[in-house]
Structures are given as structure tokens and as C-alpha cells.
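Q: Please take a close look at the cysteines in this model. Which of them are bonded, which are free, and how are they placed?

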Amino acid sequence: MPNRLADATSPYLLQHRDNPVDWWQWSAEAFEEARRRDVPVIISVGYAACHWCHVMAHESFEDETIAELMNAGFVSIKVDREERPDVDAVYMTATQAMTGQGGWPMTVFATPDGDPFFCGTYFPKASFGRLLTSVTTAWREQRDDVLKQGAAVVEAVGGAQMIGGPTAPISDELLAAAAEALGKEQDHQYGGFGGAPKFPPHMNLLFLLRHHERTGSAEALETVRHACEQMARGGIYDQLAGGFARYAVDESWTVPHFEKMLYDNALLLRVYTQLWRLTGDLPARRVADETAAFLLRDLGTPQGGLASALDADTEGVEGLTYAWTPAELTAALGEDDGAWAGDLFNVTTKGTFEHGKSVLVLARDIDAADPALVERWRDVRERLLASRRRRPQPARDDKVVASWNGLAITALAEHGLLTGAAESREAAVALAGVLADRHLIGGRLRRVSRDGVAGEPAGVLEDYGCVAEAFLAVHQVTAEGRWLELARGLLDVALERFGSGDGGFYDTADDAEKLLTRPADPTDNATPSGLSAICAALVGYAALSGETSYREAADRALTTAGPLIGGHPRFAGYAAAVAEAALTGPYEIAIVTEDRDAANPLVEAAHWSAPGGTVIVVGEPDRPGVPLLADRPLIEGAPAAYVCRGFVCDRPVTKPGEIASRVGR
């Protein structure tokens, strides 16, 4: 019989609706039940695409004996970390404080008041069974010790707050030191940073691209090119359908952990698009185009949003959809093409993955090869993809997360404007409409929706920042004042409800559900921190509106991220990218024309010449709701470009080459 999760909106919770465990959703009622029964709480946190979450579910939560222990001695609460990042953040801090590490599934034992007293991640079935028995005994016979442990953990969690700490002004020296540190930490052989497991460092790469543009650093650009080339050739990139997996289990990007996340692909789309703009590299353009297509084709939902993820597993097996043997290539392609594809994609009899199978990598340069070879490669890819689609496919987590859709909107807008891809531009506008119509309720954001219905979880700071930045991107695509006003509304809520009073920000609103502590994490990890995201939107809004108070708020907030940028740049990539834009100005380019839909060399020159973070608006003079076009006339009846900083403009130009000279290109 289904348990209490049967009416959840989260696909992750729904995966556990038939468990024999008497699960509760996160709620005050669950903790009240624990107080009534005088038992501790198990808080189990994970997400739908998580491989080890599936393993623990199959081993333990589907087991009648384990379920009996959990039901008898505990109130068990299941949490989707993507739906409730605030709950996840608080208990992850506790887990890291107790164990020195974290991850998912996260398993927390807590008092009925929510105070954690024992934390861990994945537990094998036998260990978990013994742990349940031990905790039940300790709760019954050593209650005072358990409560003291919980109090100590709560104190440690509170001490981990990042509000009110040291600050450092954003400067050329600070960003140069950050870029130099990243250069020293890079993997010179395989690209990226660190060893296995290796994650795509999209935000660091975006920072280094902007640093190169501002300073001319060849080293910064080469670091990006090397990482992007190695990732695009590796198994972390889907060589048939496009899109990146979450991470590689090895340092050479060969074998991925197969889940594909919306946020990774959105951020990588921005990086590859901008890398192509700066270098003209053909592989960068191809990967950007294929990643944009992956987002819209494989993550698009019937209700118009973008789904969160594709699962790591297919029918409980990692790589079942994606890995190949030489015999499978031959069966799909025939002898000649099968052998050719095996050489191109490094599919060997020994295999690079499990059970003699290989993950496809691009072992040869192909983009600039002889046209006949390129055509053969494209044909082989299409036939292999058609064969792969007949295999079982990974499940999809189809909830729509506001902040991640915001990241995708910004990326698609940039891709559409730079490449001329109308599909990307139109998708960005349509997705922004979904967020405005479905997630923005009474002026406040909801974190998630599913099947066209907004969920209950309130938006956190990263939602406000990423969605506001997305609305600003769409304002630049459409020159419609509505998007600028919507962005301002979100920023006003963020400043009023999330501000800490010292220039920084909390991750939750002042009227949000009270947890053990109010999270305030400035680090950029898998996604931009709330602090970095809101700074990006504040800088962009000030440049588009001319309202200096928003820029002042951004500058104050960036100083709170300054020590992190200087000391730990790998965990401050988005903040550093925003800081680069702020130091550059950013530039504001207004292009006035009577027909914004007509081909205009000034528009192309602006998009190709202006450094990352520049705001560009095209439209008729004094277009309503578009401050950047106010009081900027045509020149002798012809289109003109106004290149500005802080709404202070040089004389208007009418020749494309003059734009490049004004922005230092």
C-alpha cells in the first residue's frame, strides 16, 4: 500500500511511495508525531537522479526488516534536496561537522526538535540495520548523552554561519591572484581542476573567460580552451545526443556518473558559447549548439518548463543506455562503419567501463576534417543514436526548479543572440513566461513546479538571483519593459527579505520556515550561490536601469565574497565572474533603430565585441519601459550605437568597427 509520499509533487519522494517504510514528508506534523511517540527522527535527504540514493533505497528502504526497525523506533522523513535546499544545507553542514565529509543520500538522526545527533551518508544494509538498533537503544538508555551530542552539533552548525565575517574589496589585484591560483591548480594533462571524481568547472571557466577579456591574459584563455576541449572529447559529454553528465569518475573525463543535470548544461552552454565567440573554435560552437538542443529536446516538459535531470541509472543499472561493445557497434552500423566508429569513439574489446563495454569518447579530431569524413561521422552518430533510442532509457526528474530554469534562460538567450539561433531566443522568452506565470505568486517565487502546478516550497536566494538575471536577459532579447520590472520586483524582495544588514545575504527569507539556523553559504558549488546570483542580477539591473542603489548593493555584497575569491577561487567562480563584469563597468550598449528586427551590422558588432557581462538593448528611441534607449536619438535618421558606462556615454557611432574600439577589442 502506498505511504504518505503518494501525494508528493517531488519525483524523488514519489520513488519511495511504495516503500514499506512509513515515510513522512518534511512538515511540522512529522516532528509533532515524534514528540507524541517520544522517538527520534530519521531525516533522509537525496534527489531523483542520485545513484547511491537508489542503491540505499533498494537495499534498505524496500526491505521489510529494515522498514520494521524504522517504523517501530523512529519517525522517518524523506526530503528532496532540490526541492528544499534550505533543509539540505542545514543538515549537510551538520553532517560535514560530524564526519568531515558530505554527500547523498544523507542520513541524519535527530531529536523531535530537529537537532541532529548522528549524521552520515550512504549506509549498506547490514550497517544501517545495526545503526538503527544502536540508536534506538541509546535513545532509550542514554538519552542525556544523545541530547548533549545534539546540542553540540547545533552549536557547531550555528558557528558555521558566514554572515558578519571578513570582507575584501573587489580589485584587479584580487582577481589576478584568483586567476593565477586557478592556473596553478589546473590539470595540465586532462584539463579542469583536481583529480577523480572530476566535475566540470563551468563557473571557474566563465570567470577566466571574462578575466581574459578584461586583461588580455593568454594563460586564462588557454586554461579554458584546454578544459573545454578535453571535456568535449571525453565520455562526460554525450557524443551522440549532446549534453554533459554530472561528473567523471576518473581524471581523464572518460567514464561519467551518467546523470545529466539541467544546471550543469545551462552553465556549460554559456561557457562554450562565449569560448566560440572569443576564438571561433569549431568544436566549441558545435558543443554549444548540441547542448542547447539537448536542453530543449530532452529536458523540455509538456507544460513548457525544463526538467531537472535525467537519471544516472536505467532500470537500476549505470550506463545501460550509453555504453557500447564493438559487437553492438557492428550490429548497429555494419562491419565497415562499426570498425570505423570503434576507432573514432575508442570502443575496445577490453572496454573502458564495466563488463567489457566502453563509454564513447571522441578519440580523433573531426570538426575540421575532410568534408567526407565529417559527413560519415554525422551519419554514424545519427544511426547509433537511433539504435540507442531503442534501448531502455533513463528516468527523468520532471520537476521544474526556478533557479535552474533561470540559468538555462540566460544561457539560451546568449546562445540565440550570438549564433542567431531563433529557437534558442524564442525558448528563452517562453521559459521566462513560464516562470513569471507559474512560479511568481503574489510577488514571491516558488522553488518548484510539476505538471504545471507550483509546489509549496518557497524560493531561496539563488532562485531570486537566477530568475532575476534571466528576466534581464530576456529584456535584452525583447526590449520589453515588463521583464525589467519583474526583475526589479525580485531584487526588491531579495534586498528586503534576504539581506543581512551588513551587505551580505541569507539564503532564506526572514519570514521563511525557521530551521536550526538560517543558512548563508557564499560558496559556488554545483550552482551559483545565492549571494553570487543576486550580485549578478543587481549589477545587470543597475546597468539596464541606471538606478545606482542596486549597484551599490551589489558592490557591498561582493566585498563579502572577496575573501573567498582571493583565498578559495575554485569555490567562488560565479562571484569572480560577476566581479569581472563589475570592474569592466559593465558596458551598456544602446542601439537605436526604427526596425529592431532588421539585420543590423551594429547589433552583430556589439554582441561579438562587447565583453561578458555587457548589457545590450536594441530598439527604437525612447521605447517605453527601456531606460537604456531613453533620450538616445537616431543619427541623421540612421541607426546608431551608444556605448556607455554608468549611463555616461561616448558620442554615438554608426559604423560597426567603432564599437569594437570603444570596448577595447
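**Cysteines and disulfides**

A: In this predicted model, a search of the whole structure finds 2 disulfides. With the bonded cysteines of the chain numbered in sequence order, they pair as 1-2, 3-4.

One disulfide links C50 and C53, with an S to S distance of 2.4 Å. The torsion about this S-S bond is about 80 degrees, so the C50 and C53 disulfide is right-handed. C50 and C53 are both buried.

The other disulfide links C644 and C649, at an S to S distance of 2.0 Å. Its torsion is about 90 degrees, so the disulfide of C644 and C649 is right-handed. The two ends of this bond fall in separate accessibility classes: C644 counts as buried at 1% relative accessibility, whereas C649 counts as partly exposed at 27%.

The strand β21 spans residues 648-649. β21 belongs to an open sheet of 4 strands, ordered β19-β18-β20-β21 with mixed pairing. Both β19 and β21 stand at the edges with a single partner strand each, so one side of each has no neighbour in the sheet.

Among the cysteines outside the disulfides, C119 has its closest cysteine sulfur in C53, 16 Å away, which is too far for a bond. C119 counts as buried, at 3% relative accessibility. C228 is likewise in no disulfide; the nearest cysteine sulfur, that of C466, lies 20 Å away. C228 is buried, with a relative accessible area of 2%.

Notes. Residues numbered from 1 in each chain as written. Predicted model: local features only at pLDDT ≥ 70, side-chain atom pairs only at ≥ 80, totals over all residues. Heavy atoms only, no water. Pairing = 2+ DSSP bridges. Helix = DSSP H or I, 4+ residues; strand = E, 2+ residues; numbered from the N terminus. Disulfide = S-S within 2.5 Å. Buried < 20%, exposed > 50% of the residue type's maximum accessible area, 1.4 Å probe, protein only.
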